[in-house]
Amino acid sequence: MIYFDNAATTLLCASAKEILQQDFGNPSSPHAYGLKAERAIKKAIKEISTPLLCDPKEIIFTSGGTESNNLGILGAAFSLKSASNKSLKFHILATNQEHPSVIEPLEYLSTLPGYSVTYAAPSEWEAHICEQTAMICMTQISSDTGDIFDIKELAEKFPKAIIFVDGSQGFCKIKPPSYADIYTFSGHKVHGSMGIGGLVVKKGLRLVPIMHGGGQQRQIRPGTENVPGILAMSAAVLEQYDSQHQNYELVKNIKGILSTLANEISDTYINQTTEVTSPYILNISFIGIKGETLVNMLSQREIYVSMGMACRTAKKESPLTSMGFSKERAESAIRLSFSCMNTEKEALEAKEVIKECVTQLRKTAKGR
Amino acid sequence: MKKVLLIKYGEIALRKGNRSIFEKKLASTIQNLINDSNIKTTREQGRLLVENINGDIDADAVIEKIRRIFGIAAICISYKLDDAALSNLQKAALMTLTEDKTTFKIETKRSDKRYPMQSQEISAAIGEYILNQRSNITVDVHNPQVIVWIEIRNYAYVYTDIIKCESGLPYGSTGKGLLLLSGGIDSPVAGYLMARRGMEIIPIYFHSPPYTSERAKDKVIDLMECLCRFIGPSPLYVVPFTETQLYIYENMQSEKMTLFLKRAMFHIASIIAEKEKAHCLITGDSIGQVASQTAHSIAAVDSASNFAVLRPLAAMDKQQIINTAKQIGTYEISILPYEDCCTIFVPKHPEHKPNAKAVASLEAKNIALPKLFSKAAEQIEPVQCPSTN
């Protein structure tokens, strides 16, 4: 099989697999077995803080990207209100390429008194940002197109606003932005297991917890820590951090090979809205055929790609049309996403198969 | 006196000559679904009696197993009295009346005409007894809070709780139909309605990878799982349709595409129906819903099959269909957004009023088609539903 759907989830790395087979005590238990688990977590936190460019104390673990985004956005928004005059108004600005786990908590906030939300491409933000803008939400890398967002200058201009960055697709691939006040990440996007993730909350910023329970993780995120998940993620992250540049070059080459499809097949376009995009994601349209049909056809040949972000497949509206691409282009798009486990050989093979399938499908789609 | 279930079966009771065939069929269906040797289902003068030979029946558990059986109009959670003496009826009636009730009425049905009192007299005598025993309750013949039903048959029965069920006719008692199941909202409802009229359903699904995804197939299997709750375990026949579909797409006139594809499905379905000894085809067509469901289009498609084609939704509004789909639990599955074979090869300008003869003769020119049809019918893959994985 050729697995090119790494933006949906990655395959477990060997060191993570090994850890997931082990037993662990409860890190809150009083005995030596529990203490061993607690110490293992402490060590993992230290290790993972290096690529996260943060202090170990700033890390909170969660069940994954969705929970991290919810806790980061809602926790910060609620704390804004509790820390100030209750009648104040808070404006939140977000990009138009956010993941549903960012959009939905924002939509929820906008139903509450005092909060309003604007979605726009960062290039249009100057027109929307105002005195009341209290939070800015930005996905670091768009999971649909691989677009990379960077708002360094803007962040410097508005030092008071909380900058929330969804790093699900960026972590371990590019550096977390230094201006992020909250940075979220997910284990299974970096060859760790599903069900683990976390967020960095910069010192001085308080989050109101959205779950209540035991006193774990400074009461911000109670619940017994997912010890195997944390350790497996940490092992996976370390492995990739050491070879980050090497991986980047490898994946860049793979994306380069598959990008040439746009030159070699007529009516084929790469979908991106920013000048710089992540080498880990390629969104490409073959006008005239349905993305879903091509995905199914490639699946029969054991080449696994997708139409776009997995979390949105249940919803009908296409993210590409909301970015301004034509319906034709949105319908015919597929997303290929790569990892350090992919090879140049796979890229070359997949390219040929895609060419074959597109030609075959276009033959049937003629005149449509 | 013990707790039993008394089954009312509505429409079967109207049958004269073959009533006992229906009764036996229904009793055996009930017995099979309960699947417990301690529980016996017997015929009891216009009712079916379900009882535990060792004592009271666990009403909730048994009802959950049998309440979706077609042919059952209602289930009465009843006391069965071996001795129908008036004093026994009176005591049982009092027992069924909970303390919170303030008005009641007694209704008596006497099938055993040898019983010494007439229905009216029995009701009056029991009512009087209750009024004497309870000071806080009165009779209200027009709008009572509760009706206590007394039935005098081989045994006597006393009950207040009646659970309305599906009605219809026992599954398999009115023939066998091949159901063209698509994954949309309509066809599962069509299958349900025909099964409720007693027809045994053989579902087939046309699968066209890669134009239809594996998930679309899973969706149909999930829909079958819903239907199985009414009809019991059943195989789903998956027909490989890609080759036929592509042939038609590449060789035949595009504004008639949907008609040719539907005709192809009918041809294939007929071959399978022949083999399965089915009596008809069943589709979810609703008149006027889309271009291929106008009377003209239906006429243009029907000649592709030698079998009668039943369309139970023909006269139903979309909202009615949706309501039934929700009620039987298929709606939520049907609206999942996976392509089914109808949605991809749709012409831009489909014909609304095709000429039936013209369509058939255009089709006949493609001599390669019959071979494709029989090949597809031969290569069907049965999937057991509900699935075990």
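## Cysteines

A:C54 counts as buried, because its relative accessibility is 13%. The model is predicted. Across all chains, the disulfide count is zero. A:C54 is therefore unpaired: a disulfide needs sulfur atoms within 2.5 Å, and the nearest cysteine sulfur, that of A:C172, is 12 Å away.

A:C172 is buried too, with a relative accessible area of 5%. For A:C172, the closest cysteine sulfur belongs to A:C340. That separation is 9.3 Å, too far for a bond.

## Strand β6 and helix α4 of chain A

β6(A) is largely enclosed by the rest of the structure, because five of its five residues are buried. Both faces are covered. A:I162, A:F164 and A:D166 are on one side. A:I163 and A:V165 are on the other. This fits a general pattern: in a regular strand, side chains alternate between the two faces of the sheet.

β5(A) runs parallel to β6(A), and five bridges join them. A:D166 in β6(A) is the bridge partner of A:T139.

Helix α4 of chain A spans residues 100-110. Its buried residues are A:P100, A:S101, A:V102, A:P105, A:L106 and A:L109. They pack against one helix, α3 (65-83) of chain A. They also pack against the strands β3 (90-94), β4 (115-119), β5 (133-139) and β6 (162-166) of chain A.

## The eight-stranded sheet of chain B

Chain B has an open sheet of eight strands with mixed pairing. The strand order is β2-β3-β1-β4-β8-β7-β5-β6. Its edge strands are β2 (39-44) and β6 (138-139) of chain B, each paired on one side only. At the β2 edge, β2(B) and β3(B) pair in the antiparallel sense over six bridges. Within this pair, B:T41 stands opposite B:V50 of β3(B).

Two helices pack on this sheet. Helix α2 of chain B (residues 59-66) lies across β1 (2-8), β2, β3, β4 and β8 (156-164) of chain B. Its direction is at about 20 degrees to β1(B). Helix α3 of chain B (residues 86-96) touches β4, β7 (146-152) and β8 of chain B. It makes an angle of about 30 degrees with β8(B).

## A buried threonine in β5 of chain B

B:T103 lies in strand β5 of chain B, which covers residues 103-110. B:T103 counts as buried because its relative accessibility is 16%, under the 20% limit. Its side chain reaches the backbone nitrogen of B:Q145 at 2.9 Å.

What else is B:T103 in contact with, leaving aside neighbours within four places in sequence? Besides B:Q145, the contacts are B:I137, B:T138, B:D140, B:N143, B:P144 and B:V146.

## Salt bridges

Side chains of opposite charge can pair when their charged atoms come close. Over all chains, the structure holds 32 salt bridges. Three are described here in detail, followed by a network.

In chain A, A:K351 forms a salt bridge with A:E264, and the closest N and O atoms are 3.0 Å apart. A:K351 lies in helix α13 (residues 344-365) and A:E264 in helix α9 (residues 261-264), so the pair ties together parts 87 residues apart in sequence. A:K351 counts as buried at 10% relative accessibility. A:E264 counts as partly exposed at 42%.

In chain B, the side chains of B:K80 and B:E51 meet in a salt bridge at 2.9 Å, N to O. This bridge links two strands: B:K80 lies in β4 (residues 74-81) and B:E51 in β3 (residues 47-52), so it ties together parts 29 residues apart in sequence. B:K80 is buried, with a relative accessible area of 7%. B:E51 is buried as well, at 12%.

Also in chain B, B:K217 and B:E381 meet in a salt bridge at 3.5 Å, N to O. B:K217 lies in helix α6 (residues 214-231) and B:E381 in strand β14 (residues 381-385), so the pair ties together parts 164 residues apart in sequence. B:K217 counts as buried at 12% relative accessibility, whereas B:E381 is partly exposed at 36%. Elsewhere, salt bridges that share partners join B:K262, B:D285, B:D302 and B:R311 into one network.

Key: Residues numbered from 1 in each chain as written. Chains lettered and ligands numbered in written order. Predicted model: local features only at pLDDT ≥ 70, side-chain atom pairs only at ≥ 80, totals over all residues. Heavy atoms only, no water. Buried < 20%, exposed > 50% of the residue type's maximum accessible area, 1.4 Å probe, protein only. Helix = DSSP H or I, 4+ residues; strand = E, 2+ residues; numbered from the N terminus. Contact = heavy atoms within 4.5 Å. Polar contact = N/O pair within 3.5 Å; in protein donor to acceptor, adjacent residues only side chain to side chain. Salt bridge = Lys/Arg side-chain N within 4 Å of Asp/Glu carboxyl O. Pairing = 2+ DSSP bridges. Axes fitted to C-alpha atoms, helices over the stretch in contact; angles between N-to-C directions.
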